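Thank you all for coming. I would like to walk you through one structure this morning, taking a few of its charged pairs and then its largest pocket.

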Amino acid sequence: MSDRKAALLDETRKYHQDVVDGGSFVPGVTEIWPSGAVLDADDRAALVDAALDMRIAAGVSSRRFESAFARKLGIRKAHLTNSGSSANLLAVTSLTSPMLEDARLRPDDEVITVAAGFPTTVNPVLQNGLVPVFVDVDLGTYNTTPERIERAIGPRTRAIALAHTMGNPYQAAEIAELAAQHELFLIEDNCDALGSEYRGQVTGTFGDLATVSFYPAHHLTMGEGGCVLTPNLVLARIVESLRDWGRDCWCAPGESDTCLKRFKLQLGTLPAGYDHKYVYSHVGYNLKGTDMQAALGLSQLSKLDYFTAVRRRNWRRLRESLDGIPHLLLPEATPNSEPSWFGFVITVDAEAPFSRRDMVRFLEDRKIGTRQLFAGNLTRHPAYESQRYRVVGDLTNSDVVTEQSFWIGVYPALTDEMIDYVVATIREFVSGRGR
Ligand SMILES: Cc1ncc(COP(=O)(O)O)c(C=O)c1O
């Protein structure tokens with residue numbers, strides 16, 4: 001590294017110290033966000049380093065991130081994308097690839113999922129002409145169960161696509177086993193659960209494919225960004241092709257002829273020797289991330305274990321301090337799991353002398369940020385009114401989530417002092433409204 005660059009990065013670190021808000025926490029004045037990016041001087045320096053090198057497209061840092069991230073999770077392949085939603089689009093679309101021959105998903109095939117969740121877990125199913133089959137969730141864990149999934153399996157069922165809700169793993173080992181028994185693909189939307197474990201195995205490694213989001217609310221951030229994970233080399237090749245315009249060639253940007261057949265193949269009805277770099281085997285997209293994102297991701301990755309530990313500690317402090325408060329259903333970890341929590345979900349009893357709306361307003365007025373559990377019951381949103389889907393069982397709990405649940409933050413920037421203020425504010429709210 002040149003002396004000038006080293007000096008600029010040193011200045012960048014100093015600048016970071018100047019601009020970060022070191023102000024003390026003032027209850028009721030300082031905002032307590034439900035989520036947010038936790039960025040330090042190294043992150044700022046990593047981003048400036050990439051900018052100084054003008055690494056503005058996908059390149060060497062993207063590849064380094066992909067291999068470091070795959071190694072960290074113990075999975076064969078990781079493909080960086082421009083968002084978690086793009087990762088979900090690639091994961092579902094990859095299952096329709098002609099490269100899977102008879103195993104490929106075809107229009108009208110069904111994918112089992114939950115109604116209470118984030119829209120872009122489900123949207124790629126519809127965008128591929130497939131049919132989502134919605135099942136309900138449990139209250140407390142906010143995940144569905146292998147039993148509900150098994151009841152939903154029909155003659156056209158080909159896949160299961162589920163998010164680990166709020167970082168709380170579903171019974172991934174049992175659901176993967178069920179998928180294997182019925183020859184279904186499993187997609188784990190791990191966007192909210194990076195660092196979680198189920199039966200000692202990290203989430204994101206149970207499925208045929210898994211996805212991650214690096215949006216600032218998530219466990220690691222690149223600003224915008226995402227990743228597709230897979231242990232399957234055929235699926236990895238398909239994901240890469242779909243991500244990179246649908247091309248058949250797998251040379252990294254700036255490379256040529258790694259297969260030594262660049263001008264030797266005859267594919268489709270193209271003339272023999274047509275440049276492999278411009279041969280397309282999928283109807284693809286361009287959903288790549290950039291090296292600026294990857295540089296930040298690499299710096300963030302070194303802090304994943306610390307972030308996970310703080311998320312767990314914050315969640316536990318809230319859980320223990322709120323225990324026993326009347327009229328509130330508190331969250332429960334799935335048995336045999338170690339969640340890396342995304343947030344802390346609270347469901348207000350239907351019989352409580354107050355509503356979710358009252359409670360959320362009280363907290364927000366006191367600068368405690370709240371969020372709904374994403375869409376609640378997706379089938380109640382205008383976008384899905386005219387879509388084709390099936391519901392198996394009822395969606396009673398998904399409706400409870402829609403009407404009575406919300407969540408507050410556990411992300412690593414929250415301090416004990418902030419959490420204690422959140423607890424005191426919730427106690428004040430509930431006790432002021434009688435039993
Ligand atoms: C479960 C889940 N899946 C997918 C996404 C989409 O990720 P992104 O915002 O990076 O597109 C989110 C976003 O928060 C999410 O919570």
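Let me begin with Asp-244, which counts as buried at 4% relative accessibility, where buried means under 20% relative accessible area, exposed over 50%, and partly exposed in between, with a 1.4 Å probe and protein chains only. Its partner is Arg-243, which forms a salt bridge with Asp-244, the closest N and O atoms being 2.7 Å apart; a salt bridge here is a side-chain nitrogen of Lys or Arg within 4 Å of a carboxyl oxygen of Asp or Glu. Arg-243 is buried as well, with a relative accessible area of 8%.

I should say early that this is a predicted model, in which local features need pLDDT of at least 70 and side-chain atom pairs count only at pLDDT 80 or more, while totals for chains, interfaces and linings use all residues. Residues are numbered from 1 along each chain as its sequence is written, and side-chain values use heavy atoms, with hydrogens and water left out.

The structure holds 29 salt bridges. In another of them, the side chains of Asp-40 and Lys-303 meet at 3.0 Å, N to O, and this pair links distant parts of the chain, 263 residues apart. How exposed or buried are these two partners? Asp-40 counts as partly exposed at 27% relative accessibility, whereas Lys-303, at 14%, counts as buried.

A third pair joins Arg-380 to Glu-403, with the closest N and O atoms 2.8 Å apart. Here Arg-380 is partly exposed at 44% relative accessibility, and Glu-403 is partly exposed at 42%.

How values were computed: Helix = DSSP H or I, 4+ residues; strand = E, 2+ residues; numbered from the N terminus.
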